[in-house]
Amino acid sequence: MLFFTNYSAAQNHESYRGFLTTQVAADKLPGPQHLRDYVVDSKLRLSLHDAVVLTLENNTAVRIDETQVEGNKFSILRAKNPFDPQLQSLLNINRFSSAGTNQLQGIGNSTNATFNALTQIGQVTYNQFFSTGTTAQVQLNTTKSSTNNGFFFLNPNYSSTLNLQVTQSLWRNRGRFPNLAPLMISRRNLQQSQANFEAQVNDAILNTVQQYWTVVQAQGNLDVERKSVEAADASYQHDK
């Protein structure tokens, strides 16, 4: 069964989970559903309500048209992608070893002494683009240095820096409208596709109702013709 919702009231659920439906998750269109439930004595017996339900469940054209609505839903996520925050992390480890060459390396006077140095750099960066055209970046860098040099007072040695950068467009992409325009267009396209889909479903329902009553009328005419034949046959047998 298909359900229609007011999209303007559901904008708070503009997420992948909010847009995900059973039809989208399925890898193919479902086959005929519930037709056998209405078969009685090898005959398909339907009320008008049953015929409408089966049409919405099994009409392939309706299902294909529904995929257009689903495609426009996920175009909204593409339009919102530039505003998604980004968190990046980096870890760089560098180890250096060499044979001792002089006393200034602080590794002693042994001929087999080896100079060792280890540098570990960690970096975390947060980026955010806002609808006003503002870009904010916060970056934290931490470095840990350790060595077997005896002349170092702090070993290991830690150093950290925090950088904050804010960039504002003054000409191109300045203000909310040019940055939100793709998102507004995607939302309008979704509303338009929903309206078109509802109109197509209404046409399918109308066609089903017309065909249903056409079949009912044909059955009524058939019953009348059958009774007319029976009456004519009875009259013929009487006259004969």
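A residue counts as partly exposed when its relative accessible area lies between the buried limit, under 20%, and the exposed limit, over 50%. Gln192 has 46% relative accessibility, so Gln192 counts as partly exposed. The model in which this value was computed is a predicted one.

Gln192 is found in helix α5. Its C-alpha atom is separated by 9.0 Å from the C-alpha atom of Val69. Along the chain, Gln192 and Val69 are 123 residues apart.

Now take the chain as a whole. Its secondary structure comes to five helices and six strands. Read along the sequence, these elements follow the pattern α-α-β-β-α-α-β-β-β-β-α. The chain has 240 residues, and 23% of them count as buried. Contacts across the sequence can be summarised too. Take those between residues at least 6 apart in sequence: 66% of them join residues at least 24 apart.

Helix α5 also leads to a helix pair. Helix α5 spans residues 176–239, and helix α3 spans residues 48–58. The two pack with their axes 10 Å apart. The angle between them is about 140°. Angles over 145 degrees would count as roughly antiparallel, and those from 65 to 115 as roughly perpendicular. The pair falls in neither range, and α3 and α5 are therefore oblique to each other. The crossing of α3 past α5 is right-handed.

Which residues make this contact? From α3 come Leu48, Ala51, Val52, Thr55 and Leu56. They meet Val201, Ala204, Ile205, Thr208, Val209, Tyr212 and Trp213 of α5. By class, the residues of this contact divide into ten nonpolar and two polar, with no charged residue.

The last stop is in a strand. Gln139 lies in strand β5, which covers residues 134–147. Is Gln139 buried or exposed? Its relative accessibility is 18%, so Gln139 counts as buried. The cut-off for buried is under 20%. The side chain of Gln139 makes a polar contact with the side chain of Asn141, at 3.2 Å. Further contacts appear once the neighbours within four places in sequence are left aside. Gln139 is then in contact with Gln123, Val124 and Thr125. Thr161, Leu162 and Asn163 are in contact with Gln139 as well.

The two glutamines thus fall into separate classes: Gln139 in β5 is buried, whereas Gln192 in α5 is partly exposed.

Notes: Residues are numbered from 1 along each chain as its sequence is written. This is a predicted model: local features need pLDDT of at least 70, side-chain atom pairs count only at pLDDT 80 or more; totals for chains, interfaces and linings use all residues. Side-chain values use heavy atoms; hydrogens and water are left out. Axes are lines fitted to C-alpha atoms, for helices over the stretch in contact, and angles run from 0 to 180 degrees between N-to-C directions. Helices (H or I, at least four residues) and strands (E, at least two) are DSSP runs, numbered from the N terminus. Angles under 35 degrees count as roughly parallel, over 145 as roughly antiparallel, 65 to 115 as roughly perpendicular and the rest as oblique. A crossing is left-handed if the near helix is turned anticlockwise from the far one by less than a right angle, and right-handed if clockwise. Contact means heavy atoms within 4.5 Å. Ala, Val, Leu, Ile, Met, Phe, Trp, Tyr, Cys and Pro count as nonpolar, Asp, Glu, Lys and Arg as charged, and the others, Gly among them, as polar. Buried means under 20% relative accessible area, exposed over 50%, partly exposed in between (1.4 Å probe, protein chains only). A polar contact is a pair of N or O atoms within 3.5 Å; within protein, one must be able to donate a hydrogen and the other to accept it, and residues adjacent in sequence count only if both atoms are side-chain atoms.
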